[in-house]
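Reader: I have a structure open and a few things to ask. Can we go through it piece by piece?
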Amino acid sequence: MKKLSSYNILYVGRNWSTMGTNNTFENLLKFFPKSVSVTSKDLRSFDNRIYRYIKKRTGNSCYSSLSAALEFHAFKKSIYNNIKIVHYWYGDHDYYYGYLFRKIFGSKIIINLFFSLEELERRMPNKLHLKNADLITCSGKAQIEYLNKFIDKKKLAYLPLGVDTQFFCPSRNKIKRDKNLIICVGNNRRDYVTLKKMYVILKRQRPNIKLKLAGSKEGKDFFLDYPEVEFFPFLNENKFRDLYKKASLLILPLLEGGSSQTLNEALSSGLPVITNNFPNLSDYTNSECVLKFSPGDYQGMAYSCLKLLNDDKKIMAMSKEARSHILKYDYSNIKQTLISIYADYLGFEIMENR
C-alpha cells in the first residue's frame with residue numbers, strides 16, 4: 001500500500017448555478033482541504049471556437065465547451081503539482097481527454113457517474129473514453145451492471161450519493177407539518193405532465209391541497225391554468241430546508257432515474273416520498289418511507305398521496321423510517337467509503353494531513 005498525501009489529488013468539477021454550497025462536490029473539497037482542485041470558478045471564459053471544436057469531436061452531448069475548459073485547466077495545474085490521482089467528480093459531463101494525464105504525468109484517472117441508464121445511452125453514445133479511466137465510481141449499482149457489459153468490473157466501484165444529515169434534518173422544535181402541503185423539488189428529469197395530472201386529481205378530491213415547486217423553471221408552463229400553484233425558481237439551502245420541514249410529502253415524478261440529491265435531502269429531513277420505480281434509484285428508495293410506481297402512473301401516485309395525507313400515523317412512521325434509512329448516506333460515511341475505494345482499487349492510503 002502506497003501512502004499518498006491529499007496534496008497529490010486533483011479534483012475536477014463544476015459549480016452548478018442551481019445548487020448552493022451544500023452539495024456533493026463542495027463537500028468533497030471540504031473532505032480533503034489540502035487537495036488541488038479545478039472548478040468552473042477558475043474559468044474566465046470557455047465559450048470559444050477552440051473549446052467548441054474540442055467538444056464536438058467527442059460526439060457526446062453531455063460534454064460541453066465548459067468541460068473542455070475544465071480539462072485544459074486541470075492539465076495546467078498538473079504541470080505545477082505532483083498529481084497522482086485526478087478525480088472527475090462529474091465525470092459524465094466533464095471527462096473525455098483525461099487519458100492524457102496518465103500518458104504524460106502517470107496519474108490515475110477516476111471518474112464519477114451520476115447519469116441514469118437512459119442518459120448513458122442517449123447523451124453518451126461514444127463510451128470509448130470510459131475504458132481509458134483507471135476507475136469509475138457509480139452512484140447506483142444498476143450503473144455498474146450496465147457498464148460491466150463493456151468495462152471490466154474490477155474498474156467499477158459503488159460510491160453512493162451523500163447528503164448532509166446534520167443540515168437537512170427534521171424540525172427539532174416540534175413544528176407541525178402542513179397536512180395539505182406537498183412539494184416537488186428540482187428540475188432535472190422531472191415529469192411535469194404526470195405531476196399536473198396528479199394535481200388535477202388531488203385538487204378535485206382535496207380542495208385545500210397546496211402544491212409548491214422549488215428549483216424549477218420549466219414546470220411553471222404546465223400550471224398556467226392553476227395560478228394557486230406556487231413556484232420558487234431559486235432558493236438558498238436554508239429555505240429549501242424549511243420547505244422540507246413544513247411539507248407532508250415530496251412528490252417526485254420522473255422521466256428517468258438517475259441519482260437524486262433532492263430525494264436524499266427530503267428523506268434526511270424526515271419527508272416521505274412518492275416517486276417512480278427506476279433501477280438506478282433503487283439503492284436509495286428500497287425502504288418503506290418511499291412509495292414507488294411505474295413511470296406515468298399518475299392515478300396510482302395521486303390516490304396513494306391522498307391516502308397518506310389522511311393517515312397521520314402512517315406518515316409519522318414513514319417520516320421516522322426516512323430519517324433512519326438515509327443516515328447511512330451521511331457525508332462522513334461517504335468520505336470513508338471514498339478513502340476505502342482509493343485503497344482497495346488503486347492501492348493508495350490517503351494521508352489527509354500531508
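Author: Start with C184: its relative accessible area is 1%, and the cut-off for buried is under 20%, so C184 is buried. Keep in mind that this is a predicted model.

Reader: Which cysteine sulfur is nearest to C184, and how far away is it?
Author: That of C305, 12 Å away, and C184 is in no disulfide.

Reader: How many disulfides does a search of the whole structure find?
Author: Zero.

Reader: OK, and why is there no bond for C169?
Author: The closest cysteine sulfur to that of C169 is in C289, and the 16 Å between them is too far for a bond. A disulfide needs the two sulfur atoms within 2.5 Å.

Reader: Is C169 buried or exposed?
Author: Buried, because its relative accessibility is 3%.

Reader: New topic, helices. At what angle do helix 11 and helix 14 pack?
Author: At about 120°, with the axes 7 Å apart. Helix 11 covers residues 261-268 and helix 14 covers residues 312-326. The two are therefore oblique to each other.

Reader: Which residues make that contact?
Author: From helix 11, N264, L267 and S268; from helix 14, A322, R323, H325 and I326. By class, three are nonpolar, three polar and one charged.

Reader: Last one, K335. Where does it lie?
Author: In helix 15, residues 331-346.

Reader: Does a lysine there count as buried or exposed?
Author: K335 counts as buried, because its relative accessibility is 17%.

Reader: And what does K335 touch?
Author: F31, F32 and E352, leaving out residues up to four places away in sequence.

Conventions
Residues numbered from 1 in each chain as written. Predicted model: local features only at pLDDT ≥ 70, side-chain atom pairs only at ≥ 80, totals over all residues. Heavy atoms only, no water. Axes fitted to C-alpha atoms, helices over the stretch in contact; angles between N-to-C directions. Helix = DSSP H or I, 4+ residues; strand = E, 2+ residues; numbered from the N terminus. Parallel < 35°, antiparallel > 145°, perpendicular 65-115°, else oblique. Contact = heavy atoms within 4.5 Å. Nonpolar A, V, L, I, M, F, W, Y, C, P; charged D, E, K, R; others polar. Buried < 20%, exposed > 50% of the residue type's maximum accessible area, 1.4 Å probe, protein only.
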